[in-house]
Amino acid sequence: MTDSKYFTTTKKGEIFELKAELNSDKKEKKKEAVKKVIASMTVGKDVSALFPDVVNCMQTDNLELKKLVYLYLMNYAKSQPDMAIMAVNTFVKDCEDPNPLIRALAVRTMGCIRVDKITEYLCEPLRKCLKDEDPYVRKTAAVCVAKLHDINAQLVEDQGFLDTLKDLISDSNPMVVANAVAALSEIAESHPSSNLLDLNPQSINKLLTALNECTEWGQIFILDCLANYMPKDDREAQSICERVTPRLSHANSAVVLSAVKVLMKFMEMLSKDLDYYGTLLKKLAPPLVTLLSAEPELQYVALRNINLIVQKRPEILKHEMKVFFVKYNDPIYVKLEKLDIMIRLASQANIAQVLAELKEYATEVDVDFVRKAVRAIGRCAIKVEQSAERCVSTLLDLIQTKVNYVVQEAIVVIKDIFRKYPNKYESVIATLCENLDSLDEPEARAAMIWIVGEYAERIDNADELLESFLEGFHDESTQVQLQLLTAIVKLFLKKPTETQELVQQVLSLATQDSDNPDLRDRGYIYWRLLSTDPVAAKEVVLAEKPLISEETDLIEPTLLEELICYIGTLASVYHKPPSAFVEGSRGVVHKSLPPRSGSMESAESPEAAPAGAQAAEQPAVIPSQGDLLGDLLNLDLGPPASGPPVAASPVQMGAVDLLGGGLESLMGDESEGLRSDVGGSPSIGGGSGGTFAPAPITTMPANLGAPLGSGLGDLFDLTGGVGSLSGSYVPPKTVWLPAMKAKGLEISGTFSRQVGSISMDLVLTNKALQVMSDFAIQFNRNSFGLAPAAPLQVHAPLAPNQSVEISLPLNTVGSVMKMDPLNNLQVAVKNNIDVFYFSTLYPLHILFVEDGKMERQMFLATWKDIPNENEAQFQLKDCALSADAVSSKLQGSNIFTIAKRNVEGQDMLYQSLKLTNGIWVLAELRIQPSNPSLTLSLKCRAPEVSQYVYQAYETILKN
């Protein structure tokens with residue numbers, strides 16, 4: 001007879017009838033009643049009123065009835081904590097029952113009753129069960145400790161259960177060992193700082209012994225624990241690998257993946273010259289291939305893991321290409337994943353096979369799959385140079401099919417092939433141009449426009465082709481508009497006489513009629529370039545482009561290493577670290593692979609900071625707060641509503657802020673094209689016979705030691721004047737952005753001021769495994785409007801372990817926002833990997849301008865005029881210098897001595913300095929011949945500056 005009768009409702013199912021049955025003397029009737037109660041509970045009826053009656057049924061030897069009552073207890077203990085205490089006595093008795101099944105059942109139920117009041121009563125029974133002679137009871141008790149720790153961690157620690165758990169790792173029964181490891185791992189995960197699983201070679205040996213004999217889940221727990229162990233040398237790593245390898249032939253795919261994770265991790269420590277290393281590579285391939293014969297869902301998980309393994313060690317599966325060929329009945333998600341791995345494994349040896357296969361896929365019916373297949377052909381061309389010609393002819397065959405989406409994808413990948421192999425396959429351009437009318441997707445249109453602009457000199461009717469796109473300029477997507485603007489400027493630079501009107505038209509559309517800031521700014525920059533210096537424009541717009549790299553979608557090396565440590569978990573399917581999708585603190589322990597054999601990177605200590613550097617100057621990496629990133633990424637591309645809020649000094653106009661806000665200053669007042677509002681159109685070629693109206697050049701103050709160059713002069717001569725003349729004191733470089741926090745990019749730097757120009761002197765070091773390129777830099781709004789005066793120019797891609805020194809010119813015409821501290825600068829640096837943020841403190845003396853010497857009369861009048869409460873006094877300790885030495889040292893940093901007096905044997909220096917925003921600071925410096933401390937009094941209309949001026953004095957005089 002089935003149990004379905006318990007779910008049928010009759011009058012008997014009512015609470016009071018059940019109550020009577022539960023109190024019946026007949027055992028069978030009792031059991032039937034409890035089953036009915038459980039059935040009602042399962043379908044969601046509230047039977048908590050029967051709690052005392054059900055608890056009375058606990059006093060029985062019948063195991064089935066006991067299980068049912070315990071099930072009821074687990075469900076209702078939370079809502080009836082006071083009643084649940086009635087059951088404690090029975091638990092304590094059951095934990096001493098002669099039947100080990102009942103002892104284990106009692107301890108398992110105790111762990112599931114999450115009621116604080118009860119937990120302390122459970123400690124004694126749990127302690128007994130942890131030392132029980134029956135392994136079944138011990139393994140159940142081990143898991144109960146983890147559950148109890150989750151309810152009340154302090155109680156578990158006070159009662160010494162954690163030490164008992166650690167002892168169970170040496171248990172004679174493999175299942176007890178596995179459960180103890182699982183419980184400790186669970187507890188350690190919620191308390192990453194506690195060193196619970198203190199593994200050593202002896203305990204590892206015990207785990208490996210237990211590994212062969214426990215159930216599959218037990219094996220997974222032990223393997224995961226082994227993966228967190230760091231062997232002391234390569235011999236220990238090899239011996240662990242030898243003992244884990246048999247797990248690769250297990251029937252359960254989870255065990256296989258856990259074993260693969262351990263081997264992938266410890267292989268890092270093995271030398272590639274070892275015979276065993278080669279053997280291990282061969283042994284890893286068959287189990288991974290076997291995983292692909294499972295059902296599609298498992299295949300997908302296996303493929304996502306294989307994708308990571310192939311990126312780390314492609315040699316494991318290099319001979320297994322055929323396994324990844326797509327079957328006609330594979331679901332789309334499996335097909336796309338297989339395709340990805342095929343390209344990763346493509347090499348000169350197997351490219352013919354791969355191309356034949358991909359060409360076949362391109363004729364399938366599934367649109368997404370066909371698109372990916374066409375892209376894959378392009379990726380093969382870029383990856384395997386010898387196959388490029390075959391790939392291009394395959395793509396041309398596909399274009400001839402005239403299937404719309406195939407043609408569009410083909411054009412997108414041919415653009416990339418042109419970028420990888422310039423001047424090689426341009427003969428196909430004619431074929432591409434024939435298909436111009438059929439393109440309707442933004443990416444394909446943008447690719448085609450790029451091709452026309454890049455090879456304009458080879459296409460007779462390039463101007464007509466680009467003009468055809470201009471007709472619906474405002475209906476195009478931003479991607480197409482930007483590409484069209486650049487292409488027409490390229491065309492103009494190649495054929496200036498024929499395309500005058502076309503370029504005027506596109507610049508006017510981009511700057512006047514567009515409300516997209518990116519497009520507008522690109523339009524203004526091109527206009528400015530073309531009007532100031534057509535030769536420079538040619539150098540910028542038609543510059544040699546770096547070749548694109550082979551694999552653009554590889555996972556960043558430090559992330560890949562972390563993901564290898566998470567093989568067989570959700571992180572390896574998402575290809576994201578757990579911290580990206582696990583809420584709260586649990587599970588967010590960053591893992592990394594052990595250092596490679598023979599590498600001593602981990603032993604190197606960071607260089608000691610120079611003694612003079614102040615502790616306060618240690619840069620903090622900016623927290624990722626929404627508003628702050630908003631500021632950094634909101635690049636202020638429109639013009640500011642009003643000028644900077646402080647009086648601007650003439651030095652500000654030195655190097656032009658190309659992408660900051662100051663477009664009016666960029667254009668100058670007399671500019672015919674742009675008045676102060678950006679809405680005006682650039683007047684191009686107004687009656688000047690097809691040449692651009694020249695843009696005015698910003699004049700420089702005469703008193704500077706050397707002119708700073710105009711508009712874009714600085715942009716092309718980044719080092720003009722820097723380092724050639726002695727200038728103000730330059731602090732030593734410190735690390736601003738450690739490689740750990742920027743996926744392998746380390747940035748160190750300092751600030752300097754030489755003959756009127758401020759620069760940020762940077763050293764970029766690539767400590768990742770991949771090439772870095774496409775660098776750009778942006779500052780957040782700051783107290784003095786500091787902004788880059790030119791793009792961050794790294795002329796060649798930065799190879800691994802390479803450094804490059806760059807001097808980035810700065811100006812002070814950026815947006816202003818008061819920071820705390822005042823000299824805090826928040827910086828965003830972008831490269832082809834990601835955007836990174838850091839903050840640093842700049843020394844204020846880089847803002848002291850060259851015309852900061854006040855007239856004597858003016859000094860006296862100003863000193864009297866500034867209220868006394870604005871005066872601040874500071875002591876400069878350990879500074880045994882004469883008045884003349886002090887004066888000349890400070891003059892190097894633009895702090896000028898206006899008068900010197902000797903009063904009662906002490907020298908008094910009266911000094912003035914002026915900041916880039918026009919704020920004057922007046923100083924009185926008292927020097928006593930016998931006393932190494934100097935007294936500095938500062939007066940300023942903006943007293944908050946004084947503290948930082950004092951710091952500048954201290955820095956300059958002590959170095």
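**Entry 1. A term before I start**

I call a residue buried when its relative accessible area is under 20%, and exposed when that area is over 50%. The model I am reading is a predicted one.

I applied the term to strand E13 to begin with. Both of its faces are covered: Leu934, Leu936, Leu938 and Cys940 are buried on one side, and Thr935, Ser937 and Lys939 are buried on the other. That agrees with the tally for the strand, in which seven of seven residues are buried.

**Entry 2. The neighbours of E13**

Which strands are joined to E13 by bridges? I found E9, residues 871-876, joined to E13 by six bridges. I also found E12, residues 920-927, joined to E13 by six bridges. E13 itself covers residues 934-940, and it runs antiparallel to E9. E12 and E13 are antiparallel too, and they form a hairpin with six residues between them.

I then looked up some facing residues. Phenylalanine 874 stands opposite leucine 936, and leucine 876 stands opposite leucine 934. On the E12 side, I noted that valine 921 has cysteine 940 as its bridge partner in E13.

**Entry 3. The two faces of E9**

In a regular strand the side chains alternate between the two faces of the sheet. I checked this on E9. Ala872, Phe874 and Leu876 point to one face and are buried. Glu871, Gln873 and Gln875 point to the other face and are not buried. I set this beside E13, where residues on both sides are buried.

**Entry 4. A five-stranded sheet**

I moved to another set of strands. Five of them form an open sheet, in the order E1-E2-E3-E6-E5, with antiparallel pairing. Which strands lie at the edges? They are E1, residues 734-737, and E5, residues 787-788, and each pairs on one side only.

Inside the order, I looked at E3 and E6. E3 spans residues 757-766 and E6 spans residues 803-811, and eight bridges join them. One facing pair I wrote down is valine 763 opposite glutamate 805 in E6.

**Entry 5. Aromatic pairs**

I counted rings next, and the total is 12 aromatic pairs. One of these joins phenylalanine 418 and tyrosine 455, with 5.3 Å from centre to centre and 75° between the planes. Why is this pair called edge-to-face? The planes are 75° apart, and the term applies because that angle is over 60 degrees.

The pair links distant parts of the chain. Phenylalanine 418 is in helix H23 (residues 404-420), and tyrosine 455 is in the loop between helix H25 (442-454) and helix H26 (462-470). They are 37 residues apart.

Tyrosine 455 also pairs edge-to-face with tryptophan 450, at 6.4 Å between centres and 85° between planes. Are these two residues buried or exposed? Tryptophan 450 has a relative accessible area of 9%, so it is buried. Tyrosine 455 has 5%, so it is buried as well.

Elsewhere, ring pairs link Trp736, Phe751, Phe838 and Tyr842 into a cluster. I also noted a charge over a ring: lysine 335 lies over the face of phenylalanine 369, at 5.2 Å from the ring centre.

**Entry 6. Nonpolar cores**

The largest nonpolar core has 215 residues. Which residues have the most contacts inside it? They are Tyr72, Val244 and Phe418. I listed what phenylalanine 418 touches, leaving out residues up to four places away in sequence; among them are Tyr425, Leu432, Trp450, Ile451 and Tyr455. Trp450 and Tyr455 are the two members of the ring pair noted above.

Apart from the largest core lies another, of 64 residues. Its members include Trp736, Ala768, Ala883 and Val921. I had already met Trp736 in the ring cluster and Val921 opposite Cys940.

**Entry 7. A residue on the outside**

Glutamate 120 sits in helix H8, residues 116-130. Its relative accessible area is 55%, so it is exposed. I also looked up its distance to leucine 155, 35 residues apart from it along the chain: their C-alpha atoms are separated by 7.8 Å.

**Entry 8. The whole chain**

I ended with totals. The chain has 959 residues, and 52% of them are buried. I recorded 38 helices and 13 strands. Of the contacts with a separation of 6 or more, 68% are between residues 24 or more positions apart. The chain exposes about 43,700 Å², of which carbon and sulfur atoms supply 51%.

How values were computed
Residues numbered from 1 in each chain as written. Predicted model: local features only at pLDDT ≥ 70, side-chain atom pairs only at ≥ 80, totals over all residues. Heavy atoms only, no water. Pairing = 2+ DSSP bridges. Helix = DSSP H or I, 4+ residues; strand = E, 2+ residues; numbered from the N terminus. Phe/Tyr/Trp six-rings, centres within 6.5 Å; stacked < 30°, edge-to-face > 60°. Buried < 20%, exposed > 50% of the residue type's maximum accessible area, 1.4 Å probe, protein only. Lys NZ or Arg CZ within 6 Å of the ring centre and 35° of its normal. Core = buried A, V, L, I, M, F, W, Y, C linked by side-chain atoms within 4.5 Å. Contact = heavy atoms within 4.5 Å. Areas by Shrake-Rupley, 256 points an atom, 1.4 Å probe, with all protein chains shown as cover.
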